[in-house]
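Student: Please choose one part of this model and take me through it closely, giving the cut-offs behind each term as you go. I would rather have a single connected account than a list.

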Amino acid sequence: MKQLIFITHALILLMTSCTPLIPTSIQVYPNASSVEIWTQIVEPQATAVNVVETVEDPKSEKATAVPNVIEVEGRISEILSQPTNSSITVNLISAETADVYIEYGLSSGDYSNKTETHQLIAGMPVDILLEGLKSETRYYYRIRDSEDAGPEHTFITQRQPGSTFTFAVQGDSHPERVKNQFDPELYTTTLQSIASDQPDLFFTIGDDFSVDNLKVVNAETVTSLYVAQRLWLSQIGAPVFLVNGNHEQASLVNLDGTADNVAVWAQNARNSYFPQPAPDSFYSGNTEPVEFIGLLRDYYSFTWGDALFVVIDPYWHSPQTVDNQFGAARDQKKNRDLWNVTLGDAQYQWFKQTLETSNSKYKFVFTHHILGTGRGGIEDANQFEWGDSAGLTSHRPGWDKTIHQIMADNGVTVFFQGHDHIFARQELDGVIYQTLPEPANPYYTYENQEAYKSGEIFPNSGHVRVTVSPNGVTVDYVRSYLDRSDEVAYSYSIP
Ligand SMILES: [Fe+2]
């Protein structure tokens, strides 16, 4: 427990004795063979506070980065998820076997409630449910054992209509692209900028766990990507909602009838290390289990204050490879018929019904990209099942509207997508198409700018902050820099 909760202290001691910092976190990982993988990823090269460890990929000269654990101040083991009006899940990983419980209450430093004691097995993620909570109420909590307590953290339960709150949305982080689109220091800056807003909710749009640069792809290496990103995202301090990306390779076409394929490894890691919502009385979503996984938890919706949140997934329901095929050259995409790329009937009907039956004043939809592939925003919104009404009759029997038309007819406020690595705000039929920047691109580039023919365009890097109030929605592009403070580069409001 001490090594878990007070890992910062341990690391400081290690640092002052000139012992490499990172080995303490090796214990986070589940088993002996995995430790070797973890060791590869975080093999320390120095002991300075700002060191970030990487593993080089000899094929691509790219690397996967993990943060220096000293920067996350003891929170590396903790991810919030699945908030409701009366509960929240705290997902923990312990460095060693430990008996812990969570104490919590309604004001800072005052912990009038506690959970049952849970035994944590070293390296195994465990969900602890806090339940019986009051709606729209801020709670303060900390993790502890019989001797010591960790730092205090906080969350808020579901907002009621009429409440003002913020949520944060992050684009493709690509921590494997250390030498071109990812700077660890800049990622930390962006994450800390997000955390400083104390958002109610945090969404990350995909391409956060790319398997495509792994030298060896197996359960351990895929899982290690989730462990690494967890070190970063544990700095957020808000419930984490994942959106599936093409580089995750969590997709239908990768299934092979066994438990040993990248899709199963990736999806199980997603739900173990970042528990995602399953359909229940609070969340709606995918009810179809998949062999060797169970419920995918890949598409879901819920309401929060005056807003409906809907996450959809292009990758788990398409019989045709949606974007880059796992293990194949990228030019395999050339011969696809994108009418064979689909959200699938079940997700389509669920999406349509979810929007049509929502009474929320504001509606936000998230997915990695229109159709899960291509480049551009509204430039792509008239294509195939997303927007080709004329082609729908022959290609999608039983579908009476395109995806875009469903959003337009039901007053979707903002559609968020990533994939293109650029901030772009466009509008079509009353729907804002908001493309997200990368959070940590140190070159501040306009990636894929040529695909965007209209709209407000800004270069990388940063995140999008959304404030929802009874008077409207404000969207801020908060840019992050290596050499100066973050700033709101662009802002717009929606009544
Ligand atoms: Fe990406």
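Tutor: What follows is a close look at one sheet and its surroundings.

This is a predicted model, in which local features need pLDDT of at least 70 and side-chain atom pairs count only at pLDDT 80 or more, while totals for chains, interfaces and linings use all residues. Residues are numbered from 1 along each chain as its sequence is written.

The protein contains 11 helices and 26 strands, where helices (H or I, at least four residues) and strands (E, at least two) are DSSP runs numbered from the N terminus. Of its 495 residues, 52% are buried; a residue is buried if 20 or more other C-beta atoms lie within 10 Å of its own, exposed if 12 or fewer, and partly exposed in between, with C-beta atoms placed from the backbone.

Two strands are said to pair if DSSP finds at least two bridges between them. In the part chosen here, six strands form an open sheet of mixed pairing, and their order is 13-12-11-24-25-26. Because strand 13 (240-242) and strand 26 (487-494) each have a single partner strand, they stand at the edges, and one side of each is left without a neighbour in the sheet. On average, and with direction ignored, neighbouring strands of this sheet are turned by 20 degrees against each other; axes are lines fitted to C-alpha atoms, for helices over the stretch in contact, and angles run from 0 to 180 degrees between N-to-C directions.

The two senses of pairing can be followed at individual bridges. Strand 25 (residues 472-479) runs antiparallel to strand 26, and seven bridges join them, with Glu 487 in strand 26 as the bridge partner of Arg 479. Strand 11 and strand 12, by contrast, pair in the parallel sense over four bridges, and Phe 202 in strand 12 stands opposite Ala 168. In a regular strand the side chains alternate between the two faces of the sheet. From strand 12, Leu 201 and Phe 203 point one way, Phe 202 and Thr 204 point the other way, and all are buried.

Helix 5 (residues 184-196) lies across four strands of the sheet, namely strand 11 (165-170), strand 12 (201-204), strand 24 (462-469) and strand 25, and runs at about 10 degrees to strand 24. Between helix 5 and strand 12 there is a loop that holds Gln 198, whose phi is near 45 degrees, a positive value in a residue other than glycine. Gln 198 counts as partly exposed because it has 16 C-beta neighbours inside 10 Å. Another backbone feature is found in the loop between strand 23 (456-458) and strand 24, where Ser 461 is placed: a cis peptide bond joins Asn 460 and Ser 461, with omega at about 10 degrees.

The sheet can also be placed within the nonpolar core, which is defined as a set of buried Ala, Val, Leu, Ile, Met, Phe, Trp, Tyr and Cys residues joined through C-beta atoms within 7 Å. The largest such core has 111 residues, and those with the most contacts inside it are Val 169, Phe 202, Phe 203, Val 240, Ala 266, Phe 364 and Phe 415. Helix 6 (residues 219-233) gives this core its largest share, eight residues. For Phe 415, leaving aside neighbours within four places in sequence, the residues in contact are Val 365, Met 407, Val 431, Ile 432, Tyr 433 and Gln 434, contact meaning that the C-beta atoms of two residues, placed from the backbone, lie within 7 Å.

Helix 6 in turn packs against helix 7 (residues 262-273) at an angle of about 30 degrees, with the two axes 9 Å apart. The two helices are therefore roughly parallel, on a scale where angles under 35 degrees count as roughly parallel, over 145 as roughly antiparallel, 65 to 115 as roughly perpendicular and the rest as oblique. A crossing is left-handed if the near helix is turned anticlockwise from the far one by less than a right angle, and right-handed if clockwise; helix 6 passes helix 7 in a right-handed crossing. On the side of helix 6 the contact is made by Ala 219, Val 222, Thr 223, Tyr 226, Val 227 and Arg 230, and on the side of helix 7 by Val 262, Trp 265, Ala 266, Ala 269, Arg 270 and Tyr 273.
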